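Take a look at the sequence and the 3D view below. Then read on for a short tour of the ligand site and the sheet.

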Amino acid sequence: MSAYCWFDYATVILTGASSGIGKDLAIRLVKEHGCNVIGIARNVERLEGVKNELGALGHKFSYYSMDVSNKEGWENLKSELTEKGIKADILINNAGVLPKFDSFLHYTTEEIEKAMKINFYSAVYSMEVMMPYIMESERAGIINIASSAALCSLAGTSVYSASKAALKSFTDSIREEVRGKCYIGLFCPGFTKTSILREQGEVASGAQKVMDFISTDCDKMVDMIIKGMWQKKSNRVLGADAKMMCEGNKIAGAKFNFICSQVMRLSGVSLFKSIFED
Ligand SMILES: NC(=O)c1ccc[n+]([C@@H]2O[C@H](COP(=O)([O-])OP(=O)(O)OC[C@H]3O[C@@H](n4cnc5c(N)ncnc54)[C@H](OP(=O)(O)O)[C@@H]3O)[C@@H](O)[C@H]2O)c1
């Protein structure tokens with residue numbers, strides 16, 4: 001550990017800790033900041049893998065297998081932590097899913113509701129249940145991981161963008177309600193090299209080169225998130241593609257979305273094909 005950081009040795013509840021950004025964040029918070037991380041995800045094997053990867057520091061990573069979109073799960077977690085006398089300082093809502101890039105009309109109602117529940121309602125429930133408990137800490141913090149899609153909505157991402165835009169608005173409002181009592185951070189990453197494209201199935205593998213080209217390495221993204229947390233940034237757009245989308249949208253509004261969507265339409269990239277099909 002170098003200079004003093006406000007979350008050194010904190011107890012952190014972190015969702016989506018079994019993979020990608022959440023996994024790397026868990027490992028870095030334990031190794032570099034001495035945090036005790038309570039990792040949340042559904043896949044126990046992958047959560048156990050994170051613990052093993054921490055080796056001698058494995059005791060600083062405990063996990064709780066649950067579906068973050070189930071409010072009862074949050075209530076049970078809070079009861080369990082309270083019973084054990086565990087006080088958490090920070091909550092990071094990172095778990096999320098990226099539905100298949102597709103035309104809105106191709107989604108089923110179940111797919112739409114699933115994305116809204118995991119990407120948005122999970123944070124509503126976790127904050128409803130956990131915020132009073134987190135705010136008992138003198139260094140209370142809640143960090144929500146949204147996406148550049150919350151700031152610039154392209155063809156094929158209607159549901160994902162809406163879920164992340166809802167998360168952004170929700171977070172921005174609550175920040176002002178608890179200002180001075182709890183740090184509220186919102187981070188909007190751009191494309192990052194993780195397994196998030198798994199929902200895209202076979203089509204994604206054909207587009208891997210394109211995605212690799214525009215995506216930020218996961219460790220770099222986690223670096224930026226940790227730096228933003230350290231500096232207690234309110235809102236941060238992370239990654240070159242995210243900044244480009246955000247600025248383009250600010251300057252040119254719907255015209256920018258039109259140009260990007262035309263590029264996607266004409267690119268011939270398999271990942272985007274069904275967006276424009278009837
Ligand atoms: N990668 C990108 O390009 C990118 C860009 C912008 C924003 N983001 C955001 O960054 C966050 C992390 O994404 P990632 O790229 O690291 O994705 P990832 O590698 O697919 O990891 C997603 C994590 O969320 C967990 N999760 C998903 N649904 C869950 C549920 N219902 N209950 C509990 N846990 C659940 C997964 O664990 P289990 O499967 O074990 O439950 C996994 O640990 C997401 O919110 C995503 O929207 C990612």
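## Polar contacts with the ligand

A polar contact is a pair of N or O atoms within 3.5 Å. Keep that cut-off in mind for what follows. The model is predicted.

Start with D67. An N or O atom in the D67 side chain is 2.9 Å from a nitrogen atom of the ligand. S19 faces an oxygen atom of the ligand instead, and the distance from its polar side-chain atom is 2.6 Å. R46 also has an N or O atom in its side chain, 3.2 Å from an oxygen atom of the ligand. How much of the ligand does the protein bury? Alone, the ligand exposes 890 Å², and the protein buries 97% of that.

## The shell around the ligand

The shell holds 31 residues. Which of them come nearest? They are S19, R42, N94, Y160 and T194. Sorted by class, the shell has 14 nonpolar residues, 12 polar ones and 5 charged ones.

Two elements give two or more residues each to this shell: helix 1 (20-33) and helix 5 (158-177).

## The sheet

Now turn to the strands. Strands of a sheet pair through backbone hydrogen bonds, either parallel or antiparallel. Here 7 strands form an open sheet, and their pairing is parallel. Their order is 3-2-1-4-5-6-7. Why do strand 3 (61-65) and strand 7 (235-238) each have one side without a neighbour in the sheet? Both stand at the edges with a single partner strand, so one side of each is left free of a neighbour there. From one strand to the next, the twist averages 15°.

Look closer at one pair. Strand 2 (residues 36-41) pairs with strand 3 over 5 bridges, in the parallel sense. V37 has F61 in strand 3 as its bridge partner.

## Helix 1 on the sheet

Helix 1 lies across strand 1 (11-15), strand 2, strand 3 and strand 4 (90-93). The helix runs at about 170° to strand 1.

Conventions: Residues are numbered from 1 along each chain as its sequence is written. This is a predicted model: local features need pLDDT of at least 70, side-chain atom pairs count only at pLDDT 80 or more; totals for chains, interfaces and linings use all residues. Side-chain values use heavy atoms; hydrogens and water are left out. A residue is near a molecule or strand if one of its heavy atoms lies within 4 Å of it. A polar contact is a pair of N or O atoms within 3.5 Å; within protein, one must be able to donate a hydrogen and the other to accept it, and residues adjacent in sequence count only if both atoms are side-chain atoms. Accessible areas come from the Shrake-Rupley method with a 1.4 Å probe; for residues, only the protein chains shown count as cover. Helices (H or I, at least four residues) and strands (E, at least two) are DSSP runs, numbered from the N terminus. Ala, Val, Leu, Ile, Met, Phe, Trp, Tyr, Cys and Pro count as nonpolar, Asp, Glu, Lys and Arg as charged, and the others, Gly among them, as polar. Two strands pair if DSSP finds at least two bridges between them. Axes are lines fitted to C-alpha atoms, for helices over the stretch in contact, and angles run from 0 to 180 degrees between N-to-C directions. Contact means heavy atoms within 4.5 Å.
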